[in-house]
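Below are my notes on the model, set out as numbered points for a colleague who has the coordinates open. They begin with a detail of the backbone and then move outward to the chain as a whole.

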Amino acid sequence: MSALRKPRRTTRSQPVIEGAGVHLHRAFGHAEAPGFDPFLLLDDFRSSRPDHYLKGFPWHPHRGMETITYMLDGSVVHGDSMGNTGTIGPGDVQWMTAGSGIVHQEMPRGNDAGKMGGFQLWANLPASHKMMAPRYQEIPTDRIPEVVLDSGIRVRLVCGRVGSVTGPVTDIVTDPQYLDVSMPPQAHFSHPVIPGYTVLAYVVDGRGSFAESVARPVLESGTLVAFEDGDRVVAASGDDAFRFLLISGKPIGEPVAWQGPIVMNTRAELDQAFMEYRDGAFIKPADGR
């Protein structure tokens with residue numbers, strides 16, 4: 001029998017300043033992360049003020065985790081210790097697996113109107129994969145499929161499946177799903193999810209609810225929803241359109257030692273990572289030794 005996932009907790013994203021002075025809104029982070037395993041953090045960095053984003057995120061390390069950047073407006077210019085450089089723009093996704101270690105920078109740029117924005121999700125890696133070789137899955141917008149459902153609902157698939165259509169990001173150990181769902185007014189959305197997996201939604205725009213019909217309170221942009229267990233998520237829009245990210249993944253269930261951009265299993269591993277960074281031994285050869 002189908003079990004509907006009801007909202008377990010609803011919160012609002014909070015303003016924070018990160019990097020060299022980037023103003024953003026954090027949906028969840030370090031304090032809340034134990035309830036979102038395998039996910040660690042979700043940032044909403046939309047802004048129309050260049051002074052709030054141009055200083056960006058200068059060179060910094062990552063180890064033991066993944067960063068997933070999904071752009072809506074403007075662009076992010078990036079470079080890393082492996083010599084990779086590039087730019088991601090509206091609709092593009094960069095799924096970076098830091099693994100054993102990478103040093104990179106991310107510098108936001110606005111569009112012609114000064115608008116820049118998107119989302120960055122951090123995902124943990126299990127102990128068995130924390131020291132894997134770093135890699136990118138960089139997906140341009142024209143490779144991200146969009147499925148049109150009943151009532152004109154449109155779903156962009158970064159990873160996961162809707163019907164017979166599968167998203168382009170593959171081979172991620174926590175078996176994630178990342179959907180961008182846009183609902184017109186007076187529409188109903190139902191989507192299967194895997195029981196036991198962590199499922200969350202983040203409202204991007206408009207107004208709606210995660211229930212069989214529009215219910216109070218109606219949720220607005222910047223709202224994070226954590227769901228109870230079950231095998232199906234539903235959403236409803238009323239007189240307004242409703243857009244949200246729907247994200248799920250398999251919990252890792254391991255101890256987390258996390259400081260800044262490095263996420264390991266023990267304090268000793270964390271200390272070693274920072275010592276290696278200070279000593280210039282952070283970046284590992286391809287065999288991880």
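**Notes on the predicted model**

1. D171 is exposed, with a relative accessible area of 64%, and the residue sits in the loop between β16 (165-166) and β17 (177-183). Please look at its backbone in this predicted model, since D171 has a positive phi of about 60 degrees although it is not a glycine. As background, most residues other than glycine have a negative phi.

2. S151 can be read alongside that residue, as it too is not a glycine and has a positive phi, in this case of about 65 degrees. S151 belongs to the loop between β13 (146-148) and β14 (154-159), and with a relative accessible area of 52% it counts as exposed, because the cut-off for that class is over 50%.

3. A further backbone feature is the cis peptide bond that joins D37 and P38, for which omega is about 15 degrees. P38 is placed in the loop between β3 (22-28) and β4. In general, most peptide bonds are trans.

4. Is G56, which is found in a loop, buried or exposed? At 0% relative accessibility G56 counts as buried, although its place is in the loop between β4 (39-44) and β5 (57-62). Once residues up to four places away in sequence are set aside, G56 touches G19, A20, G21 and V22, and also E106, M107 and P108. By contrast, the C-alpha atoms of G56 and R8 are separated by 34 Å, with these positions 48 residues apart along the chain.

5. T67 lies in strand β6, which covers residues 65-73, and this residue is buried, with a relative accessible area of 0%. Leaving out its neighbours within four places in sequence, the contacts of T67 are H62, then Q94, W95 and M96, and finally Q120, L121 and W122.

6. L121, one of those contacts of T67, leads on to the nonpolar interior. The largest nonpolar core holds 27 residues, and the members that touch the most others are F28, F39, L42, F119, L121, Y178 and L200. Not counting neighbours within four places in sequence, L121 is in contact with F28, F39, L41 and L42, with E66, T67 and I68, and with Y178 and I247. Another core, of 23 residues, lies apart from the largest one and includes V162, A187, V199 and V225. In soluble globular proteins, nonpolar side chains tend to be buried together.

7. For the chain as a whole, the secondary structure consists of one helix and 24 strands. Among contacts between residues at least 6 apart in sequence, 72% join residues at least 24 apart. Of the 289 residues, 52% count as buried.

8. How does the radius of gyration compare with that of a compact globule? For 289 residues such a globule would have a value near 19 Å, and the chain has 19 Å, so the two agree. Taken along the principal axes, the C-alpha atoms fill a box of roughly 60 × 45 × 35 Å.

9. On the surface, the chain exposes about 12600 Å², of which carbon and sulfur atoms supply 52%. The chain carries 27 positive and 33 negative side chains, and the centres of these two sets lie 2 Å apart.

Terms used: Residues numbered from 1 in each chain as written. Predicted model: local features only at pLDDT ≥ 70, side-chain atom pairs only at ≥ 80, totals over all residues. Heavy atoms only, no water. Core = buried A, V, L, I, M, F, W, Y, C linked by side-chain atoms within 4.5 Å. Buried < 20%, exposed > 50% of the residue type's maximum accessible area, 1.4 Å probe, protein only. Contact = heavy atoms within 4.5 Å. Helix = DSSP H or I, 4+ residues; strand = E, 2+ residues; numbered from the N terminus. Rg over C-alpha atoms; globule rule 2.2 N^0.38 Å. Areas by Shrake-Rupley, 256 points an atom, 1.4 Å probe, with all protein chains shown as cover. Lys, Arg positive; Asp, Glu negative; His and termini not counted. Charge placed at Lys NZ, Arg CZ, Asp CG, Glu CD.
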